[in-house]
Amino acid sequence: MSQSDIDGGWAWVILGVSFCGMLLTGFHVYSLGIIMAALLDEIDSDLTRVSWVGSIYTAALTLSGPLIGWVINRYGCRVAAFCGGMCHLSGMICAFFATNISILIVTFSFLGGIGMGFCLTSSLVVSGYYFKKYRPMASGITVSGAAFGMFVGPPVIRLLIDNYMLRGTFLVLGALGANMFVLGMFMRPSPTEKDNFRKDAGIGSSARQSSSQVRNQLLRITSAFKDVMGIVKSGPFLCYLFSTFAFSCGETAAIYHLPNYSQEQGTSKMASATLMTAMGVTSLCSRLLTGFAASDPNIGPELLLTGMMGMIGILTITFPLYSATFGTQVLYAAGYGLYSGGINAVMTPLTAELISLEKLAIGFGLLCFTSGIGCLIGAPIAGVIVDSGGTYTHSYIYAGTALLLGSAVSVPISLRDRDSVTWKAVERMDVTIDVVAETEQLKTHDITMEDDGIPM
């Protein structure tokens, strides 16, 4: 592969592969509400316990981000996609034999979630590697795959459950997830990945010639740790992490309980599944349009992030006031998809803007980890609110508050582009830290090679 494949050539194949990978992710993740409603009917009637199935699935998907980022940096997106297909298929096959919530958490939620985490991260990262000039547009098209999965997933899952019960549905989901093996075959190593491979090969070569391989392994671990610490010390990116945490808390609480809440309001099971379809239609449009809008330097991804998260916060916190009819439920679902879809579209360009491209995989890993913590506690907190004597009104107030908090925390990100002495000082400090870290690393590497008798 040559540099001509960046923003052209094989990059367009990668864009299609990334779209399909995100379609698989959206199909599974946004169908969790339908699966949880079926679990309440078939396995366990306790809302809090069932909420853990969805939250741990999403948490495993996102908390595995740092591990997946390391796998991508070390072995590439292709290997990561293969690992995802294996984990997800194994989890769904084991879930077929599950008889209670505890077993489902280990099989469906943990193994299946990690598998989808590999699919999500590899699809986003490989798209970022292959596009530079058109990265915001490519990001919008890529994440629109998740919206398309949201559009088709819930009704299909509802039909599968009605015809094959939950066990048969798990097997079909495993077969769908196995398509990650096919997608991985198309993920040729990009120039950035090849550079990473060469760096690892250089360290590995010195390790083979050294009498102490442990020293070289420590060098690699220290380098990765310095990369992570350098990213975390960035003020704007730290705000982005906190915003992502609050967004994840609110979104999981709002979306995962939407089918069950609508059924409690008198909506049929199939009609409640179509709410996610309405959300998927508007989310698809939002992701595409936001991808193009983020390319405009007068707008920028950080401004879109703040505005859209604030809008879904307002829609969610006021949802109990107009949720009595199916028509108003569709209105909420469509509005939520319209504003939430774009938040995912700006993830790649905003992350690449806040940190360097070489650290994109690590940045995604940190974002996924932070999001995973929010996903882990978001839906169960809403379940506890309902089971403790509250109502879905209180749970949606909680979700809306979390989303508004995420919007408020993201406001300072835009200050990095203004004449802010504080942010400029922070960014200069980050650059200094990176330069010192790289210098120390090179010195350590040179000393190691000299000690091993290798002429410099």
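Me: Hi! Let's start with one side chain: does Tyr396 count as buried or exposed?
Reply: Happy to help, and please keep in mind that this model is predicted. The relative accessibility of Tyr396 comes to 1%. The cut-off for burial is under 20% relative accessible area, so Tyr396 counts as buried.

Me: What share of the chain's residues is buried?
Reply: The chain has 456 residues to consider. Applying the cut-off of under 20% relative accessible area, the buried share is 57%.

Me: And what share of the exposed area do carbon and sulfur atoms supply?
Reply: The chain exposes about 18000 Å². Of that area, the part that carbon and sulfur atoms supply is 69%.

Me: Which secondary structure elements does the chain have, and how many?
Reply: Strands are quickly dealt with, as their count is zero. What the chain does have is helices, and they number 19.

Me: Of the contacts between residues at least 6 apart in sequence, what share joins residues at least 24 apart?
Reply: Start from contacts in the chain whose residues are at least 6 apart in sequence. Keeping those that join residues at least 24 apart leaves 85%.

Me: Now for the aromatics: what kind of pair do Phe319 and Tyr322 make?
Reply: The structure holds 16 aromatic pairs. In the pair of Phe319 and Tyr322, the ring centres are 5.6 Å apart and the planes meet at 75°. An angle over 60 degrees puts a pair in one class, so Phe319 and Tyr322 are edge-to-face.

Me: Is Tyr322 buried or partly exposed?
Reply: Its partner Phe319 has a relative accessible area of 0% and is buried. For Tyr322 the value is 22%. Buried requires under 20%, so Tyr322 is partly exposed.

Me: How many residues apart in sequence are the parts that Tyr332 and Tyr396 tie together?
Reply: Tyr332 and Tyr396 pair edge-to-face, with 6.3 Å from centre to centre and 85° between the planes. Tyr332 belongs to helix α15 and Tyr396 to helix α18 (residues 392–410), so the separation of the parts they tie together is 64 residues.

Me: Which residues do ring pairs link into a cluster?
Reply: The pairs just discussed have their rings in this cluster, including Phe319 with Tyr322 and Tyr332 with Tyr396. The full membership is Tyr261, Phe319, Tyr322, Tyr332, Tyr336, Tyr392 and Tyr396.

Me: Let's turn to empty space: which helix gives the largest share of the lining of the largest cavity?
Reply: Searching the whole structure for cavities of 30 Å³ or more gives two, and the largest has a volume of about 540 Å³. Its lining has 29 residues, with Tyr30, Glu251, Asn344, Met347 and Ser371 nearest the centre. Among the helices that each supply at least two lining residues are α1 (10–29), α7 (135–177), α11 (235–256) and α17 (360–387). The largest share is eight residues, and it comes from α11.

Me: How many nonpolar residues are in that lining of the largest cavity?
Reply: The lining includes eight polar residues and two charged ones. The nonpolar residues number 19.

Me: Which element gives the most to the lining of the second largest cavity?
Reply: The second largest cavity holds about 40 Å³ of space, and its lining has six nonpolar, three polar and no charged residues. Gly33, Met36, Ala37, Leu40, Leu47, Val50, Tyr256, His257 and Asn260 form that lining. Two or more of them come from each of α2 (32–42) and α3. With four residues, the element that gives the most is α2.

Note on methods. Residues numbered from 1 in each chain as written. Predicted model: local features only at pLDDT ≥ 70, side-chain atom pairs only at ≥ 80, totals over all residues. Heavy atoms only, no water. Buried < 20%, exposed > 50% of the residue type's maximum accessible area, 1.4 Å probe, protein only. Contact = heavy atoms within 4.5 Å. Areas by Shrake-Rupley, 256 points an atom, 1.4 Å probe, with all protein chains shown as cover. 1 Å grid on protein atoms, 1.4 Å probe; cavity = no way out; pocket = protein on both sides within 12 Å on 5 of 7 lines; lining within 4 Å. Points joined across faces, edges and corners; volume = space filled by probe spheres on them. Nonpolar A, V, L, I, M, F, W, Y, C, P; charged D, E, K, R; others polar. Phe/Tyr/Trp six-rings, centres within 6.5 Å; stacked < 30°, edge-to-face > 60°.
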